[in-house]
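Work through the exercises below with the sequence and the 3D view side by side, trying each task before reading its solution.

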Amino acid sequence: VAMVGVGMLVLTAMAGKFRPNLEIIKAMILIYCGVVQIAAVGMVLGTFLKEWLATLLTLVIFWGSYALGFVAANTTGAVQKIIFLLPNFTIMSSDNVVANNGIIDWHLVGGGVLLAGIYSIVMLVIAGLIFRRKDIA
């Protein structure tokens, strides 16, 4: 992800007369936050499942989280709060804004970074608890 990000910075800098477009940088930060979330989920699944099954389940969760994000946008109350606990990539979706030369709000970027950080920490703690009880020998 970092290499793709550096490549995108170089391309946007060249296209913008060596001045990177700030909105593309914000969008790349949001994409990275989504990758961090799904990697954290995959890490936890990999602690107690076989590699192929953890990968398949992570892919299903990734696909399902997009579908749930669209459901969460159209619901209110307790259902929306429960869905918010799951990885929700549509919260961090900025593709439409960038495609139409719009401005990505810094609150969206900050919320994405905060959400990715919280998911990483929670999933790391869960993985640590699973490994603590797992017999490695």
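The exercises that follow concern a predicted model, and they go from the whole chain to single residues.

**Exercise 1. The chain as a whole**

Task: Describe the secondary structure of the chain, and state what share of its residues is buried.

Solution: Begin with the secondary structure, which comes to six helices and zero strands. Read along the sequence, this gives the pattern α-α-α-α-α-α. Turn next to burial: of the 137 residues in the chain, 27% are buried. The surface that the chain exposes comes to about 9,400 Å², and carbon and sulfur atoms supply 74% of that area. Finally, look at the contacts between residues with a separation of 6 or more, where residues 24 or more positions apart account for 61%.

**Exercise 2. A lysine in helix H2**

Task: Find Lys-26 and decide whether it is buried or exposed, then list what surrounds it.

Solution: First locate the residue, which sits in helix H2, residues 22-48. Its relative accessible area is 3%, and because a residue under 20% counts as buried, Lys-26 is classed as buried. Next, set aside the neighbours within four places in sequence; Lys-26 is then in contact with Ile-103, Ile-104, Trp-106 and Val-109. As a last step, follow the side chain of Lys-26 to its polar atom, which lies 2.7 Å from the backbone oxygen of Ile-104.

**Exercise 3. The largest nonpolar core**

Task: Which residues make up the largest nonpolar core, and which helices each supply at least two of them?

Solution: Collect the members, nine residues in all: Ala-40, Val-41, Val-44, Leu-45, Ala-54, Leu-115, Tyr-119, Met-123 and Ala-127. Then assign them to helices, where H2 and helix H6 (106-133) each supply at least two residues of this core. As background, nonpolar side chains tend to be buried together in soluble globular proteins.

**Exercise 4. A nonpolar patch on the surface**

Task: Identify the residues of the nonpolar surface patch, and examine how exposed Leu-56 and Phe-62 are.

Solution: The patch is formed by Trp-52, Leu-56, Leu-59, Val-60, Phe-62 and Tyr-66, which together have about 610 Å² of accessible area. Take Leu-56 to begin with: it is found in helix H3, residues 51-73, and its relative accessible area of 44% makes it partly exposed. Phe-62 is found in helix H3 as well, and Phe-62 is also partly exposed, with a relative accessible area of 31%. To place Phe-62 against another part of the chain, take Gln-37, which is 25 residues away along the chain; the C-alpha atoms of the two are separated by 9.5 Å.

**Exercise 5. Two residues of helix H1**

Task: Compare the exposure classes of Met-8 and Val-4, and find out where each stands relative to a residue further along the chain.

Solution: Start with Met-8, which lies in helix H1, residues 2-15, and is partly exposed at a relative accessible area of 33%. Beyond its neighbours within four places in sequence, Met-8 is in contact with Ile-24 and Met-28. Ile-24 is 16 residues from Met-8 in sequence, and their C-alpha atoms are 8.3 Å apart. Now turn to Val-4, likewise found in helix H1. Val-4 has a relative accessibility of 58%, and since exposed means over 50%, Val-4 counts as exposed. The C-alpha atoms of Val-4 and Met-28, 24 residues apart along the chain, are separated by 9.2 Å.

Note on methods: Residues are numbered from 1 along each chain as its sequence is written. This is a predicted model: local features need pLDDT of at least 70, side-chain atom pairs count only at pLDDT 80 or more; totals for chains, interfaces and linings use all residues. Side-chain values use heavy atoms; hydrogens and water are left out. Helices (H or I, at least four residues) and strands (E, at least two) are DSSP runs, numbered from the N terminus. Buried means under 20% relative accessible area, exposed over 50%, partly exposed in between (1.4 Å probe, protein chains only). Contact means heavy atoms within 4.5 Å. Accessible areas come from the Shrake-Rupley method with a 1.4 Å probe; for residues, only the protein chains shown count as cover. A polar contact is a pair of N or O atoms within 3.5 Å; within protein, one must be able to donate a hydrogen and the other to accept it, and residues adjacent in sequence count only if both atoms are side-chain atoms. A nonpolar core is a set of buried Ala, Val, Leu, Ile, Met, Phe, Trp, Tyr and Cys residues joined through side-chain atoms within 4.5 Å. Patches are made of residues with over 30% relative accessible area and no salt bridge: like charges are joined within 9 Å, nonpolar side chains (Val, Leu, Ile, Met, Phe, Trp, Tyr) within 5 Å. A salt bridge is a side-chain nitrogen of Lys or Arg within 4 Å of a carboxyl oxygen of Asp or Glu.
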